[in-house]
Amino acid sequence: MSLVEPSKNSGTGKHHDAADFHSEDNSYLEKRTLRKGSAGWVLLAGLGVSYVISGDYAGWNNGLAEGGFGGLLIAGVVIAGMYLAMVLGMAEMSSALPAAGGGYTFARRALGPWGGFATGTAILIEYAIAPAAIATFIGSYVESLNLFGITDGWWVYLAVYAIFIGIHLTGAGEALKAMFVITAIALVGLVIFAVSAIGLFDAGNLTDIAATDAAGASSFLPFGAFGIWAAVPFAIWFFLAVEGVPLAAEEAREPEKNVPRGIIISMLILIVTGATVLFLATGALGAESLSTSGNPLVEALGDGTAAKVVNYIGLAGLVASFFSIMYAYSRQTFALSRAGYLPTNLSVTNSRKAPTLALIVPGVIGFVLSLTGEGAMLLNMAVFGAAVSYVLMMVSHIVLRRREPEMKRPYRTPGGIVTTSFALVIAAAAVIATFLVDPVAALWTLIAFAAFMAYFGLYSRHHLVANSPDEEFAVLAKAEEELD
């Protein structure tokens, strides 16, 4: 149902905020609706953990090669603080603006069409590229396990994209439940790893990388203070994509309550799992050996039964994140398309209320990217897109607190703008850190971002749909401002 009457408040056929708006009839929105009430806070918390859990199994350990244990630990503490602060800010915004656009919806209300699309684009780049990186890790796992006799990863990439897009097309309720089961299995794998690794832990292994001649270098910080900075993108991998929980707002029960609860609980779980694997895996195998491992938890356990069990379950962890981030990119694409920022046929839903082309088109792009086999570079591209979106989302929280203090907020961020200002500063530093670690990945991501913004500036800003839910949130704010 439309939040406001198009003929009165939506700006039909009007030009404002450097964009042109028109209204569509009811049939347009009826073809672009999601299934309501598919998830409570438990499934949403599971979704948040599912987005990220592959980061506990692989990828983070490469940060040891950049900063050593000390550098990655310090970077991890700072980044965990940033994510917690950001999640608290997003919990507030999602309770006030529960729509499928997530960060795009928040930024659209706070920063206008340009800021909204820039935020949505950065998020979409993150979510479209991250599964491609994870697909390469899944391929490596399948090959190392000698499953089905596969020795060429591209068959694996094609299979996981095809299978999981198919599952998502059956509807959100079914997909979220499947994700929850896979995520629970992955968490069990982390428990098995932790119990097994405790007996192998040696504190001396944490600092076995020899100190370099870098400024401030020591056994704790073998690459000096700069190593902390260089380890930031890998610390982000511990939490990357947890911010996607609000994208399920339109499909959640009582989203104003359940989305904040789900995203906060998932973040707290991820802090525990991240700290566990960082300390126990490094202490069991040694920072130097772990820094180049493609399968860090398994190598940390050696050749025993526990290692084999964790190896198989690790594949479930990678699948969980791949599966859930696919959900996230489809909902971000859906929301931007429904409002006219992207081609509107991308938001048409099937009989099960799943956005068909929003699942398929980014999936095809991701599959093509996965064929490069450059998992590390794809990881850094996803991190760069994420960091840019974090900056814009935190600016949005601060602007909304300042400009609309009376907005109904069922959940309020502890510390208010002080909390989100901290997240903003760290996120801005993370953008810079990504350039330092992998300038090629950052440059490619920046080129993709610029291409999206050019499309918006030249075409889609003249074809926005005024009575789409995300736009109507902004319309209501404008109407209230004019009345005041």
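Is A241 buried or exposed? In this predicted model, A241 is buried, because its relative accessible area is 1%. The residue sits in the loop between α9 (224-236) and α10. Its backbone also deserves a look: A241 has a positive phi of about 95 degrees, although it is not a glycine. A positive phi in a residue other than glycine turns up again at K353, where the angle is near 65 degrees. K353 belongs to the loop between α13 (305-338) and α14 (356-370). Here the surroundings can be described by accessibility once more: K353 is partly exposed, with a relative accessible area of 29%.

A241 leads on to Y127, since A241 is among the residues that Y127 contacts when its neighbours within four places in sequence are left aside. The other partners of Y127 in that list are E243, G244, L247, I325, A328 and Y329. Y127 is part of helix α6, and it counts as buried because its relative accessible area is 1%. For a sense of scale, the C-alpha atoms of Y127 and A65 are separated by 26 Å, while the two residues are 62 places apart along the chain.

The packing of the helices comes next. Two packed helices are described by the angle between their axes and by the distance between those axes. Helix α6, which covers residues 103-145, packs against helix α7, residues 153-168, at an angle of about 125 degrees. The axes of α6 and α7 lie 9 Å apart. Angles over 145 degrees count as roughly antiparallel and 65 to 115 degrees as roughly perpendicular, with the values between those two ranges counted as oblique; α6 and α7 are therefore oblique to each other. The crossing of α6 past α7 is right-handed. On the α6 side, the contact is made by P131, A132, A135, T136, I138, G139, V142 and E143. On the α7 side, G153, V156, Y157, V160 and Y161 take part. Sorted by class, the residues in this contact of α6 with α7 are nine nonpolar, three polar and one charged.

Helix α7 also meets α14. The axes of α7 and α14 come within 10 Å and cross at roughly 165 degrees, and the two helices are therefore roughly antiparallel to each other. This crossing, too, is described as right-handed. W154, Y157, L158, Y161, I165 and H168 represent α7 in the contact, and they meet L359, I360, G363, G366, F367 and S370 of α14. Eight nonpolar and four polar residues make up the contact of α7 with α14, with no charged residues. Two residues of α7, Y157 and Y161, appear in the contact with α6 and also in the contact with α14.

Another helix pair is formed by α3 (residues 41-52) and α10 (residues 255-285), whose axes come within 7 Å and cross at roughly 40 degrees. These helices are therefore oblique to each other, and their crossing is right-handed. From α3, the contact includes W41, L44, A45, G48, V49 and V52. Their partners in α10 are N258, V259, R261, G262, I265, S266, I269 and L270. By class, nine nonpolar, four polar and one charged residues build the contact of α3 with α10.

Charged side chains complete the picture. Side chains of opposite charge can pair when their charged atoms come close. The count for this model comes to five salt bridges. One of them joins E92 and R401, with the closest N and O atoms 2.7 Å apart. E92 lies in helix α5 (residues 64-96) and R401 in helix α15 (residues 375-403), so this pair ties together parts that are 309 residues apart in sequence. Both E92 and R401 are buried. A network of salt bridges links E92, R401 and R409.

Elsewhere, K257 and E254 meet through their side chains in a salt bridge, at 3.6 Å from N to O. E254 counts as partly exposed because its relative accessibility is 44%. E404 and R403 form a further salt bridge, in which the closest N and O atoms are 3.9 Å apart. What is the relative accessible area of E404? The value for E404 is 11%, so this residue is buried. R403, at 40% relative accessibility, counts as partly exposed.

Note on methods. Residues are numbered from 1 along each chain as its sequence is written. This is a predicted model: local features need pLDDT of at least 70, side-chain atom pairs count only at pLDDT 80 or more; totals for chains, interfaces and linings use all residues. Side-chain values use heavy atoms; hydrogens and water are left out. Axes are lines fitted to C-alpha atoms, for helices over the stretch in contact, and angles run from 0 to 180 degrees between N-to-C directions. Helices (H or I, at least four residues) and strands (E, at least two) are DSSP runs, numbered from the N terminus. Angles under 35 degrees count as roughly parallel, over 145 as roughly antiparallel, 65 to 115 as roughly perpendicular and the rest as oblique. A crossing is left-handed if the near helix is turned anticlockwise from the far one by less than a right angle, and right-handed if clockwise. Contact means heavy atoms within 4.5 Å. Ala, Val, Leu, Ile, Met, Phe, Trp, Tyr, Cys and Pro count as nonpolar, Asp, Glu, Lys and Arg as charged, and the others, Gly among them, as polar. A salt bridge is a side-chain nitrogen of Lys or Arg within 4 Å of a carboxyl oxygen of Asp or Glu. Buried means under 20% relative accessible area, exposed over 50%, partly exposed in between (1.4 Å probe, protein chains only).
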